[in-house]
Each structure stands twice: as structure tokens, then as C-alpha cells.
Amino acid sequence: MKRIGEPILTVDAISLAFGGITALSGISLEIRRHEILAMIGPNGAGKTSMLNVINGFYYPQAGTITWKGETRRHMRPYQAAAQGIARTFQNVALFKGMTTLDNIMTGRLLLMRRNFLWQAIHFGPARQEELAHRTNVERIIDFLEIQAIRKIPVGRLPYGLQKRVELGRALAMEPELLLLDEPMAGMNVEEKEDMCRFILDINEEFGTTIALIEHDMGVVMDISDRVAVLDYGRKIADGPPAEVRISPEVIAAYLGQQADPHPPGDGMGGG
Amino acid sequence: MTASAPDTFPKLLLEHARLRPDRPANREKDYGIWQSWTWAEVAAEVEALAGGLSAMGFRRGDKLAIIGDNRPRLYWAIAATQALGGVPVPIYQDSIADEMAFVLDHAEVRFAVAEDQEQADKLLAIKERCPLLETVIFSDPRGMRHYDQLFLHGYASVQERGREFAHDDRGFFAREIAKGRGSDIAIILYTSGTTGRPKGVVLTFDNIISTGQNALVFEGLTNREEVLAYLPMAWIGEHIFSYAQAYCAGFCASCPESGATVMSDLRELGPSYFFAPPRIFENILTQVMIRMEDAGWVKRKLFHYFLGVAKRVGLPILDRQRVPFADRVLYWLGNGLVYGPLKNTLGLSRVRVAYTAGEAIGPDLFTFYRSLGINLKQLYGMTESSVFLCIQKDGEVKPDTVGRPIKDVEIRVAQDGEVLFKSPGAFQGYYRNSEATAETKQSDGWVHTGDSGFFDGDGQLKIIDRAKDVGRLERGSLFAPKYIENKLKFFAWIKEAIVFGDGRPFVAAFLNIDLEAVGDWAERRNLAYASYQELAAQTAVYDLLQGCVERVNRDLAAEPAVATSQIRRFLILHKELDADDGELTRTRKVRRRIIAARYQPLVDALYSDQPAGRIETEITFEDGRKGRLRAELGIRDVPTSLPMVEPVAFKKAS
């Protein structure tokens with residue numbers, strides 16, 4: 001079985017505010033090697049802000065981030081990417097006019113060593129390098145079972161497949177930590193099942209650590225090793241799914257103060 | 001064949017590995033590139049697998065099930081099993097666990113080779129119910145890392161064991177193969193069966209090799225052919241074209257990357273020998289026509305003009321008849337501008353022989369391909385005959401016949417119209433089902449096909465329907481449902497049709513729209529719809545299909561024997577008929593009786609004077625969950641054409 005290891009990323013007492021609005025207040029969170037961590041919480045709880053802090057889109061006003069033993073005030077997006085943090089977005093952010101293959105190939109960009117001129121003449125070492133990267137990309141295409149759309153511009157693909165291509169691009173970076181922002185939003189049951197299978201397989205086959213935001217409680221309970229619950233920019237629970245789902249604070253956050261004694265069931269949350 | 005000729009597939013494999021070690025035997029598109037294996041490499045792979053199986057306790061006579069998409073490794077599993085004197089039992093890869101359990105249990109399978117986790121999971125789920133199943137080998141290790149069952153083994157590790165095994169006993173493989181005889185059982189294929197439980201058809205090496213060889217000689221095929229192995233491995237046609245004949249002639253069989261990439265893989269490969277059931281040819285044509293609608297007007301004009309030329313002179317040119325010089329020039333021009341590029345796009349430009357069979361093919365569809373210069377022909381055969389019974393000869397091709405019996409095959413039509421045959425390919429019997437065997441195979445060697453047909457004036461066989469489905473209307477006139485259904489299905493809008501009429505006062509029909517074609521048609525007319533059910537219920541769609549039904553009625557009116565079979569009432573079903581719901585067989589043949597029982601209220605409504613019928617059905621989703629679907633369906637009355645007093649005059653008018 002897979003072994004969940006020591007923390008690979010630790011955020012300590014992170015606070016983030018936009019003008020007078022506090023998005024995150026004093027959140028501490030650990031992500032451990034090889035685990036699947038789900039972040040849940042009502043809308044506006046600060047989940048996406050947290051991901052943005054982790055990969056350097058936002059600079060928090062207070063707190064520190066420790067990534068692989070190195071502590072700093074904030075990450076920079078370029079740094080995060082170069083050091084093995086990849087992510088997908090809530091709204092698909094692909095190059096619409098480019099093919100699936102080319103989109104995933106862009107995920108290899110940071111790993112390419114030859115400069116622009118070498119690549120332009122496409123000869124000798126540059127050619128060798130491109131072949132190696134292409135092999136890697138083809139393995140991802142095979143892994144995500146998207147061979148049939150390899151040469152199709154992603155703008156013409158249905159939403160569910162675009163999400164898969166975006167996941168492919170993130171995988172192409174060979175990340176140690178993969179951040180997925182609502183990977184299953186807007187999908188039907190079948191597409192969700194496929195996506196769950198891919199997330200579990202990525203975690204198992206490559207040992208990639210995964211932190212994801214998801215609203216579908218059924219999915220969260222099924223695939224995550226640990227769940228962190230955010231509400232109004234604070235962390236109100238953190239633990240195995242079975243524990244979190246019966247925590248009174250979590251139930252209160254989702255259902256209001258007049259908490260129902262019964263634990264929340266599948267399908268809770270969402271809108 | 002001479003006495004010394006190889007009489008089993010493993011012997012043929014060794015011979016090819018000796019005669020043409022460096023020629024490709026298998027290809028598979030993987031990671032975006034065509035990977036190939038030569039005959040020598042295939043022989044080594046098969047030897048390694050056979051060694052591994054043997055080390056794991058596989059004995060002569062054991063059955064090995066094979067479940068998955070077309071993959072070289074699965075074809076090698078067939079050869080390895082046969083080399084050890086075992087019997088391969090391929091199973092349809094989209095079988096649900098229940099169907100799979102029946103076959104595994106009935107065939108007494110001890111070993112199974114599964115393509116991937118999906119298939120392995122199904123086997124694990126039914127393992128309890130199949131006590132004989134001992135060992136499961138999986139080809140693709142993805143997702144299998146945490147399975148700790150001791151009976152699960154990776155394909156590569158089995159081969160590794162085989163190589164060690166061979167190291168200790170070098171002559172083992174050749175010795176085992178030499179023990180094989182032509183009269184041994186080569187394979188058991190379970191037929192999907194339009195009624196009841198599947199039956200296991202037992203075929204020997206002699207059966208398959210003699211028939212396959214005769215067909216190769218008939219068509220003049222060589223070891224340089226290219227085929228695409230893309231139809232289900234459990235289907236006899238696929239087994240003959242991509243395994244048996246490939247081993248007989250020594251040509252290369254290539255496997256597509258995935259089920260979804262078949263069309264683009266076909267285009268890259270450009271096979272010279274090609275088989276497809278009519279529905280695939282139909283899908284290709286539908287796609288071409290839809291795409292041409294979107295092309296610029298110059299291209300569209302060119303396309304339609306030259307298709308007109310091809311329709312006029314394409315067939316005589318293909319059949320090497322005399323054609324005026326001017327037409328030849330036009331056709332040559334059309335070939336450069338339209339037919340050539342079109343065939344190239346479809347991957348059919350190198351085709352020397354293409355077959356279609358299994359269902360009747362629409363005459364328009366058939367002549368479309370032939371007029372482009374593709375040598376598309378029909379054949380007649382079934383699992384019980386190792387496929388080939390009749391093949392159309394070049395130059396004698398007609399859209400509504402299946403050709404003459406090939407060498408060594410005898411065919412006769414019984415009193416009641418049923419077709420019977422005698423052939424070296426005739427099966428040995430149904431596995432563990434002597435009752436069904438006795439019903440089908442007479443003691444004097446004649447085999448019942450269950451098909452109703454007759455020989456036309458040129459001595460070509462013409463099949464009209466399943467014998468058991470041919471019935472009578474209330475007033476006693478002939479009712480051949482499939483004949484009418486096929487006429488309906490030749491329209492691009494209609495995906496499936498089921499007609500009723502046996503013992504009834506008139507003929508009525510269920511229709512299934514073709515979502516792609518009708519959806520496109522609706523979009524071009526700005527008709528909004530959110531689901532299949534909604535589209536199928538639109539008045540405009542009903543009008544569209546009524547036009548089709550009326551044309552079929554006019555056709556039927558012109559043929560005295562079936563003029564009374566005109567369709568009076570029809571409805572459009574709210575859901576697509578589906579194999580998962582048991583409404584179609586795995587090869588997409590309609591199960592008439594099951595459909596009639598399931599939609600009984602709708603059948604009753606058709607034979608009442610109600611304007612609509614109500615139905616609630618259970619449906620199965622792809623993941624196996626069940627749901628209920630409720631609908632009220634409109635029924636249309638269709639005017640029938642009067643039987644023509646002089647059918648000849650009618651033909652002229654049309």
C-alpha cells in the first residue's frame with residue numbers, strides 16, 4: 001500500500017487580505033508526501049485563495065510557506081512551477097487554438113534545456129530533446145486515454161475533455177505536488193468517475209501528492225486521505241474523511257447554526 | 001494442401017518465423033507511433049508466454065479465456081494456448097459480468113488473459129461463481145499495483161517465467177507444437193445469439209485453415225496484405241481475417257491505438273484487405289456527407305458533379321466493361337479531384353478486397369463505394385461455417401446477393417426456404433450442448449443456417465431473412481420483417497427499425513432515429529432539443545421519418561410478393577435500443593422478441609386507434625446502475641400506396 005510520508009509543504013499562520021476583506025486569517029496547513037488532500041468549504045471560504053498562495057499567485061501579508069524544507073514569506077509562480085508544483089484551474093485555462101498534443105507539450109517547457117535558436121533549427125541535440133519530451137507527452141496521452149483527440153484543437157473539445165487535457169498539461173511538468181481546483185465541476189456522473197479514477201491512478205502510479213478543491217462530497221469522501229475544511233478564511237477541521245463528516249463545526253458551517261444532529265450526506269454543498 | 005503443409009496455427013507461426021523472419025507480423029499503434037513485431041519476434045513472444053503458462057500448470061486441453069480490445073499480446077495468447085494444445089476462448093470485451101460468468105463457467109475455463117484493470121475487475125467480481133477459474137493474467141499493469149490476489153499475474157512476468165523455463169528445456173516449444181494435429185480443437189467461439197444463452201461453437205484447425213485458405217486463393221491474396229484488426233476478437237470474422245488468414249498467408253495484422261481512434265488509424269495504415277459490417281460503411285458515408293455540407297460551394301459542386309459521374313460510369317469501369325472514351329476521361333479527372341483524395345482520407349485507397357457481411361447493405365451505400373473504385377463485395381457465412389460459404393466474384397457483384405458458394409462448399413435450399421450447407425469449415429458442434437448441435441447439424445453433414453433465401457437467375461444466393469422470423473399477416477400473405485426493416489434502415493435518419501405484422505392485420509413499426517444525422521438535420525433547421533428523447537418526439541422529425549416510410553411503402557407496393565406488407569402506423573422510440581438493455585446483441589442485431597415483450601404497451605397502442613402510446617422502461621447506465629424512463633410517444637398513420645396493377649410501368653416511372 002502507499003505510504004504517506006512527512007509534510008512536503010507546510011503553510012504556517014497565513015493571512016491574506018484584499019483591502020478590507022480578509023480572505024485567509026491565520027491558516028496553518030500541512031500537505032504530506034503521497035497523500036490526497038481535499039479542501040472543502042462553502043463558497044468564499046478561501047479555498048482557491050489558499051491554492052493561489054501555495055503556487056505564488058497571491059502574496060500573503062503574514063505567515064510563512066515551507067516547501068521541501070525551505071521556508072519563505074511567499075512563493076513566486078515561476079519558482080513554484082520550476083520546483084515541482086503544478087496546478088489546474090477552476091475555469092479551464094488552455095490555449096484554445098492549439099491541439100491537445102501541443103497544449104500538453106507546453107507543460108514540458110520548463111524542462112527543456114535547449115534555447116530557442118537550437119529548437120528553431122530542430123537539429124541534433126534539440127531534436128533529441130524534443131523526441132524525449134514527445135515520448136513523455138505521449139505517455140500522458142496514453143495514461144489519460146485521450147489518443148483520439150491528440151490532433152484536435154482544444155477549443156473544439158467538450159468541457160469534460162478540456163479538463164482532462166488541462167490535467168495532462170499539469171502532469172507533463174512531472175510535478176511533486178499537483179493542485180487541482182474543482183477538477184470535476186460541471187461534469188456528468190460518468191466523467192466524474194473517469195476523473196476520480198485518473199486522480200487515484202496518478203497518485204498511485206507516480207506517487208504524486210495531490211491537493212484538490214471539490215464540492216461533490218461523495219467524491220471527496222471516496223478519494224481523499226485527508227480533508228481540510230475552511231470557512232470564512234479559517235480552518236475549522238482537518239482529518240480523515242470519516243472524522244470530518246461528523247464534526248459538529250463542519251455541520252454547522254454547511255447547514256447553519258441550528259445544526260442537524262445527523263451527519264451530512266453525499267451531495268451536500270455545491271452551489 | 002500437401003500432407004507436409006503445416007496443419008495448425010503454431011506450426012504456421014514457426015514456418016513464417018523461418019521463411020520470413022524479418023517481415024512484420026503484428027503492429028500496434030502505441031504512444032502515437034506504429035510499433036511492429038516481425039514473425040521471428042512474434043514467435044519468441046509466443047514461446048515465452050507458452051513457457052510461462054506451462055510453468056504455471058497449463059495442460060493440454062485446458063481452456064484459456066481472452067478478454068480485451070485488439071492487442072498483439074492477446075493474439076499471441078491465442079497462439080500460445082494453441083501451441084500447448086489448449087483451447088482459446090475469446091470473450092466479447094464489452095460483456096457485462098453476468099454474460100462473462102456464464103461463458104467462463106460453461107467453457108470450463110482455468111486460465112484467463114485480461115487486457116487491463118477494467119477486464120480484470122470484472123473477472124475478480126465473478127471469480128467466486130467460476131470455481132474452475134484459477135489464474136488471471138493481465139496485460140496492462142496500470143492501476144493493478146495494489147491488487148494482492150495470488151492468482152493475479154502480470155503478462156510480462158509470465159513471459160519472464162517462460163524464458164527461464166525455456167532456458168532449462170530448449171526444445172519444449174517445438175516439441176509441444178509438433179504434438180498438435182489439424183483435427184484438434186483450435187478455438188471455441190461463443191455466438192452472441194439473438195435468442196437465449198450464448199452457444200460455444202467448436203472449430204478445429206482443419207475447419208478454419210481449409211476455409212481460410214480457399215478464400216485466400218479465391219481472391220489471390222498474398223503475404224503482402226495489410227489488415228486492420230479492429231473488430232471484437234470474440235467474433236469469428238475478426239478471428240479469420242486478422243488471425244487465421246494472417247497466419248495462413250503470412251501477412252501483417254495491425255491493431256489500432258484505441259476504439260476511438262480506428263478511423264484515423266485506418267487512414268494511416270491504408271489496409272489492402274478490409275472487412276467492415278454495413279453500419280461502419282454507413283457511418284463513414286454519413287460523416288463524409290455531413291462534412292461536405294459544411295464545405296465551400298466550389299468544393300461542394302465539384303463533389304456532387306463527380307459523384308454523379310461515378311454513379312453513372314464507376315461500376316462498369318470497376319467491372320472492366322466497355323465505357324465510352326469521354327466518360328473514361330471524366331472518371332479519370334474525377335479520380336484525381338474527388339475520388340482519390342476521398343479514398344485517401346477514408347484510408348481506403350489501397351484496398352484490393354473489401355468485404356461487408358452480417359447484415360444486408362443498402363444498394364445506394366454499396367454502389368457508392370463501388371463507384372469510387374473500391375472493390376467492396378458481399379459474402380455469406382457464419383461462425384458455424386468458419387465464415388466463408390459464398391463470396392461474390394470480381395465482375396459479378398450485385399447489391400442484393402451474397403455470391404456463389406466457394407470451393408468445397410455445397411449449398412441447398414430446403415422446401416421451407418431455409419438455406420443448408422456442407423463445407424470443410426462446418427463446425428464440430430456446440431460445446432456441451434448436444435441438443436442444440438443435433439438441431440443444427442444433421443447426421444448426414446448438412447448444417448441448418450436458420451436463414452431464409454433462394455438462388456437468383458445467375459446462381460447467386462440471396463438471403464431475405466432469418467427463417468424463424470418470416471411469418472404471415474392475418475390474411476395469409478408473406479411477412480419478412482428484416483426485409484422491410486432493412487429498407488427503412490437504408491435511410492440515414494433511421495438507425496434501427498423493428499416491424500411487427502406476424503398474425504396481425506397490418507404492418508406497424510418502431511423506429512430509432514440516428515442521433516448524429518437527425519441531430520445535424522435539426523441543427524441546420526434551428527430546431528432546439530436538449531436530449532435524444534426530446535429530439536425523437538419533435539413533430540418535424542416525425543414528418544421527416546414519415547417521408548421515409550412512405551417511400552418504403554412505394555417500394556414495397558412495386559413488389560407483388562410483399563405489397564401487402566406496407567407500413568400503416570409507426571412510432572419513434574424515445575431511447576436508443578441498446579445491447580446493455582438486452583435489446584440488441586453485442587453485434588448490434590435486434591432481439592425482436594425481447595423488444596416486443598418489453599414494449600408491449602406500445603405494440604398494443606400501434607394496433608389500436610389511439611394517437612399515442614405510453615411506456616415506462618428500465619434502462620441500464622454504462623456503469624451498471626439502473627434507472628426508469630417514462631414517456632408518451634406519438635403514433636403516426638401513414639398512407640399506403642396501392643399495389644400497382646402493372647409493376648413494370650411503375651418501375652419505369654420511378
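Two strands pair if DSSP finds at least two bridges between them. Strands themselves are DSSP runs of E, at least two residues long, and helices are runs of H or I of at least four; both are numbered from the N terminus. This is a predicted model: local features need pLDDT of at least 70, side-chain atom pairs count only at pLDDT 80 or more, and totals for chains, interfaces and linings use all residues. Residues are numbered from 1 along each chain as its sequence is written, while chains are lettered from A and ligands numbered from 1 in the order in which they are written.

Start with the sheet of chain B. Four strands form an open sheet with mixed pairing, in the order β2-β1-β11-β10. Its edges are β2 (33-38) and β10 (226-228) of chain B, each pairing on one side only. Ignoring direction, neighbouring strands are turned against each other by 20 degrees on average. Such angles run from 0 to 180 degrees between N-to-C directions, and axes are lines fitted to C-alpha atoms, for helices over the stretch in contact. At one edge, β10(B) runs parallel to β11 (residues 252-255) of chain B, and three bridges join them. Within that pair, B:V227 has B:A253 of β11(B) as its bridge partner.

Helices pack on this sheet. Helix α2 (residues 39-55) of chain B touches β1 (24-30) and β2 of chain B, and its direction makes about 75 degrees with that of β2(B). Helix α10 (residues 262-269) of chain B touches β1, β10 and β11 of chain B; its direction makes about 175 degrees with that of β10(B). Here, two residues are in contact if their C-beta atoms, placed from the backbone, lie within 7 Å.

Helix α2(B) also has a helix partner. Its axis lies 6 Å from that of α6(B), and the two pack at an angle of about 90 degrees. The pair is therefore roughly perpendicular. That label covers 65 to 115 degrees; under 35 counts as roughly parallel, over 145 as roughly antiparallel, and the rest as oblique. From α2(B) the contact includes B:E47, B:G52 and B:A55, and from α6(B) it includes B:V158, B:R161 and B:F165. By class, the contact has eight nonpolar, five polar and three charged residues. Nonpolar means Ala, Val, Leu, Ile, Met, Phe, Trp, Tyr, Cys and Pro; charged means Asp, Glu, Lys and Arg; the others, Gly among them, are polar.

Look at B:A156 in helix α6 (residues 155-168) of chain B. B:A156 and B:G52 are 104 residues apart in sequence, yet 9.6 Å apart in space, C-alpha to C-alpha. B:A156 is partly exposed, with 16 other C-beta atoms within 10 Å. A residue is buried at 20 or more such neighbours, exposed at 12 or fewer, and partly exposed in between.

A second helix pair in chain B brings together α12 (residues 297-318) and α14 (residues 363-371), whose axes come within 8 Å and cross at roughly 70 degrees. That makes α12(B) roughly perpendicular to α14(B). Residues B:A310, B:K311, B:G314, B:L315 and B:L318 of α12(B) meet B:T367, B:R370 and B:S371 of α14(B). These divide into three nonpolar, three polar and two charged.

Now chain A. Five of the six residues of strand β9 (residues 226-231) of chain A are buried, so this strand is largely enclosed by the rest of the structure. Four bridges join β9(A) to β3(A), and the two run parallel. In that pairing A:I40 stands opposite A:V229 of β9(A). Strand β10 (residues 234-239) of chain A runs antiparallel to β9(A), joined by five bridges. One partnership there links A:V227 with A:G239 of β10(A). The hairpin of β9(A) and β10(A) has two residues between the strands, and A:Y232 takes a positive phi near 45 degrees.

Other positive phi values sit in loops of chain A. A:H34 is not a glycine, but has a phi of about 75 degrees. A:H34 lies in the loop between β2 (21-32) and β3 (36-40) of chain A. A:E145 has a positive phi near 55 degrees, and belongs to the loop between α5 and α6 (159-172) of chain A.

Finally, the chains meet. Chain A brings 14 residues to the contact and chain B twelve. On the side of chain A, α5 (125-143) and α7 (189-205) each supply at least two residues. Helix α7(A) gives the most, with five. That side of chain A comprises two nonpolar, two polar and ten charged residues.
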